[in-house]
Amino acid sequence: MAYLSAKDLLARKGAIQERNEERFVVSLNEDDLLFRVPTRGDIADSQNYASDGTRADEYLIYSTILEPDLRDPALQKEFLDKNADPVDIVGAIFRPGEVQTMAQLIMEQAGYFNDDVKVRKEVKN
């Protein structure tokens, strides 16, 4: 059995970097939303966003969605109170179940819940 080597990783450097910069589409009803793959920082920030962790999904969506632009001032003004947290736009537009499902799909794109990673016992000769 051949193991993945540093040389293999160096040969795949471009593909690895491209994978970390991927964009993906989530379909919601008949609408498509464009996201980028979250970074480690995005995931850490989302987990730390609220002291009790209840808003992690909303933050993750807000920080990784590209289209529609949820940071758009006109959109924020129309859906939120003047002093509202900008992340509140996620809850104002999407249903709770949609938020949870989108967050899970975003995490899957970051490699979580991935069936490609498996444990096998090493066979000794």
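This is a short tour of the structure, stop by stop, with what to select at each one. The model is predicted.

**Stop 1: the S1–S2 hairpin**

Select strand S1 (23–28) and strand S2 (31–36). The two run antiparallel and are joined by six bridges. They form a hairpin with two residues between the strands.

Show the side chains of S1. Phe-24, Val-26 and Leu-28 point to one face and are buried. Arg-23, Val-25 and Ser-27 point to the other face and are not buried. In a regular strand the side chains alternate between the two faces of the sheet.

Now check the pairing. Arg-23 has Arg-36 in S2 as its bridge partner. Val-25, in S1, stands opposite Leu-34 in S2. Beyond residues up to four places away in sequence, Val-25 touches Asp-32, Leu-33 and Leu-34. For a distance across the hairpin, pick the C-alpha atoms of Val-25 and Arg-36: they are separated by 8.7 Å, with eleven residues along the chain between one position and the other.

**Stop 2: the turn**

Centre on Asn-29, in the loop between S1 and S2. Which sign does phi of Asn-29 have? It is positive, near 60°, in a residue other than glycine. Most residues other than glycine have a negative phi. Asn-29 has 70% relative accessibility, so it counts as exposed.

**Stop 3: across to S3**

Add strand S3 (65–67). S2 and S3 run antiparallel, joined by two bridges. Phe-35 stands opposite Ile-65 in S3.

Follow the chain out of S3. Pro-68 sits in the loop between S3 and H5. The peptide bond joining Glu-67 and Pro-68 is cis, with omega about 5°. Most peptide bonds are trans.

**Stop 4: helix H4**

Select residues 56–64, helix H4. Why is H4 described as largely enclosed by the rest of the structure? Eight of its nine residues are buried, so the surroundings largely enclose it. The buried ones are Ala-56, Glu-58, Tyr-59, Leu-60, Ile-61, Tyr-62, Ser-63 and Thr-64.

Next, bring up what covers those buried residues. The cover includes two strands, S2 and S3. It also includes helices H3, H5 (73–79), H6 (88–93) and H7 (96–109).

**Stop 5: the nonpolar core**

Select Leu-33, Phe-35, Ile-61, Leu-70, Val-90, Phe-94 and Met-102. These touch the most other members of the largest nonpolar core, which has 23 residues. S1, S2, H4, H6 and H7 each supply at least two residues of this core. H7 gives the largest share, five residues. In soluble globular proteins, nonpolar side chains tend to be buried together.

Zoom in on Leu-70. Leaving aside neighbours within four places in sequence, Leu-70 is in contact with Tyr-62, Ile-65, Leu-75, Gln-76, Ile-89, Val-90, Ile-93 and Phe-94. Two of the residues picked out above, Val-90 and Phe-94, are among these contacts.

**Stop 6: Val-37**

Move to Val-37, in the loop between S2 and H3. Is Val-37 buried or exposed? Val-37 is buried, with a relative accessible area of 7%.

Pick the C-alpha atoms of Val-37 and Gln-109. The two residues are 72 apart along the chain, yet these atoms are separated by 6.0 Å. Beyond neighbours within four places in sequence, Val-37 is in contact with Arg-19, Asn-20, Glu-22, Phe-24, Gln-109 and Ala-110.

**Stop 7: the largest pocket**

Stay with several of those contacts. Arg-19, Asn-20, Gln-109 and Ala-110 return here: together with Gly-111 they lie nearest the centre of the largest pocket. The pocket is lined by 15 residues. Helix H2 (13–20) and helix H3 (40–48) are the elements that give two or more residues to the lining. By class, the lining has six nonpolar, five polar and four charged residues. The pocket's volume is about 470 Å³.

**Stop 8: out to Ala-6**

Finish at Ala-6, in helix H1 (residues 6–11). Ala-6 is exposed, with a relative accessible area of 57%. For a last distance, pick the C-alpha atoms of Ala-6 and Gln-47. They are separated by 32 Å, and the residues are 41 apart along the chain.

Terms used:
Residues numbered from 1 in each chain as written. Predicted model: local features only at pLDDT ≥ 70, side-chain atom pairs only at ≥ 80, totals over all residues. Heavy atoms only, no water. 1 Å grid on protein atoms, 1.4 Å probe; cavity = no way out; pocket = protein on both sides within 12 Å on 5 of 7 lines; lining within 4 Å. Points joined across faces, edges and corners; volume = space filled by probe spheres on them. Helix = DSSP H or I, 4+ residues; strand = E, 2+ residues; numbered from the N terminus. Nonpolar A, V, L, I, M, F, W, Y, C, P; charged D, E, K, R; others polar. Buried < 20%, exposed > 50% of the residue type's maximum accessible area, 1.4 Å probe, protein only. Contact = heavy atoms within 4.5 Å. Core = buried A, V, L, I, M, F, W, Y, C linked by side-chain atoms within 4.5 Å. Pairing = 2+ DSSP bridges.
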